[in-house]
Amino acid sequence: MNKQFKVLGLAAAICFSGSQSFAQAKKSAWVSLFNGKNLKGWHGYNKKGEVKNWEIENGALVCLGAVKGTDTGGDIVSDKQYDNFELTWEWKIDKGSNSGVLYHVVESPKYEASYLTGPEYQIIDDIGWVPDKLEEWQKTGADYAMHNANALKKVMPVGQWNTSRIVFNKGHVEHWLNGKKIVEFTAWDADWKKKKAEGKWKDHPEYGMAKIGHIALQDHGHKAYYKNIRIKQL
């Protein structure tokens, strides 16, 4: 009898181990957030119904820049929410354009914009932006208004595709651009809290505090193009 129980116990352990491995593999698999054909999996921030300010062009998800003169009202967000993840995408912009990719975005009527809660990977024409002179924290690749991109940053000319990546793993954050790590920081540590308290977000207590939320693509009133958007849960 003891021998039988040992065999059964071993079989159960192998089965449990196998199921754990399968679950882990499923969790770590890459998932496409954009099918290249339509907006399935996305909706307007704090909105229901058809999205009219984004469309598909040659397999790319394109922001038409419909919200002229503002940075609210046109963002789209993923239907699903994510906590720890690795997100990759390709993007390009027109001359003078401004956009961004945000994460841990909270939807609520009390927030008029996705950036009031979600940290942003800034995307902008560093050279051709004309309304005003850009600070380093406003330039492409920065953790907007918090952490500047480093000297490894190399942006392709306007109209050419770039590849970007965000890694968020239990507070450890990385921004990548065209194969180079350009930003690295720890969310919610003393330095992060100091930057928030002294900068743009000092009057926005909810900024960056969510540990799970939507992915957002920003409509800042300019054309921007996205494709090959993929995410892997960590």
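These legends describe close-up views of a predicted model.

**Figure 1. The whole chain, with its confidence.** The predicted chain contains 2 helices and 13 strands. Of its 234 residues, 45% count as buried. Among contacts between residues at least 6 apart in sequence, 69% join residues at least 24 apart. The accessible surface comes to about 12,500 Å², and carbon and sulfur atoms account for 54% of that area. The average pLDDT of the chain is 90, and 85% of the residues score at least 70.

**Figure 2. Two stretches with pLDDT under 50.** Residues 5-10 stay under a pLDDT of 50, and the model gives them 0 contacts beyond four places in sequence. Residues 13-17 also stay under 50, again with 0 contacts beyond four places in sequence. Where pLDDT is low, the predicted coordinates should not be read in detail.

**Figure 3. Strand β4 and its two partners.** Strand β4 covers residues 60-63 and has both faces covered. A60 and V62 are on one side, L61 and C63 are on the other, and all are buried. Strand β3, residues 54-57, pairs with β4 in the antiparallel sense over 4 bridges. Within this pairing, W54 has C63 of β4 as its bridge partner. The hairpin of β3 and β4 has 2 residues between the strands, and N58 takes a positive phi near 50 degrees there. Strand β13, residues 224-233, also pairs with β4 in the antiparallel sense, over 3 bridges. Here the bridge partner of L61 is Y226 in β13.

**Figure 4. Strand β10 between β9 and β11 in sequence order.** Strand β10 spans residues 172-177, and 5 of its 6 residues are buried. Strand β9, residues 162-169, runs antiparallel to β10 and is joined to it by 6 bridges. Strand β11, residues 180-186, also runs antiparallel to β10, and 6 bridges join these two strands. H172 of β10 can be followed into both pairings: N169 stands opposite H172, and T186 in β11 is a bridge partner of H172.

**Figure 5. The turns on either side of β10.** β9 and β10 form a hairpin with 2 residues between them. In that turn, K170 has a positive phi of about 55 degrees. The hairpin of β10 and β11 also has 2 residues between its strands, and N178 takes a positive phi near 50 degrees.

**Figure 6. An aromatic cluster.** The whole structure holds 11 aromatic pairs. The rings of W137 and Y144 have centres 5.4 Å apart and planes at 65 degrees, so this pair is edge-to-face. Planes over 60 degrees apart are given that name. W137 counts as partly exposed because its relative accessibility is 30%, whereas Y144 counts as buried because its value is 14%. The rings of W201 and Y207 have centres 4.4 Å apart and planes at 5 degrees, so this pair is stacked. Both W201 and Y207 are buried. These four residues belong to one aromatic cluster with Y115 and W192.

**Figure 7. Two charges placed over rings.** The charged end of K200 sits over the ring of W201, 5.8 Å from the ring centre. R230 lies over the face of W30, at 4.4 Å from the centre of that ring.

How values were computed
Residues numbered from 1 in each chain as written. Predicted model: local features only at pLDDT ≥ 70, side-chain atom pairs only at ≥ 80, totals over all residues. Heavy atoms only, no water. Phe/Tyr/Trp six-rings, centres within 6.5 Å; stacked < 30°, edge-to-face > 60°. Buried < 20%, exposed > 50% of the residue type's maximum accessible area, 1.4 Å probe, protein only. Lys NZ or Arg CZ within 6 Å of the ring centre and 35° of its normal. Pairing = 2+ DSSP bridges. Contact = heavy atoms within 4.5 Å. Areas by Shrake-Rupley, 256 points an atom, 1.4 Å probe, with all protein chains shown as cover. pLDDT = per-residue confidence, 0-100.
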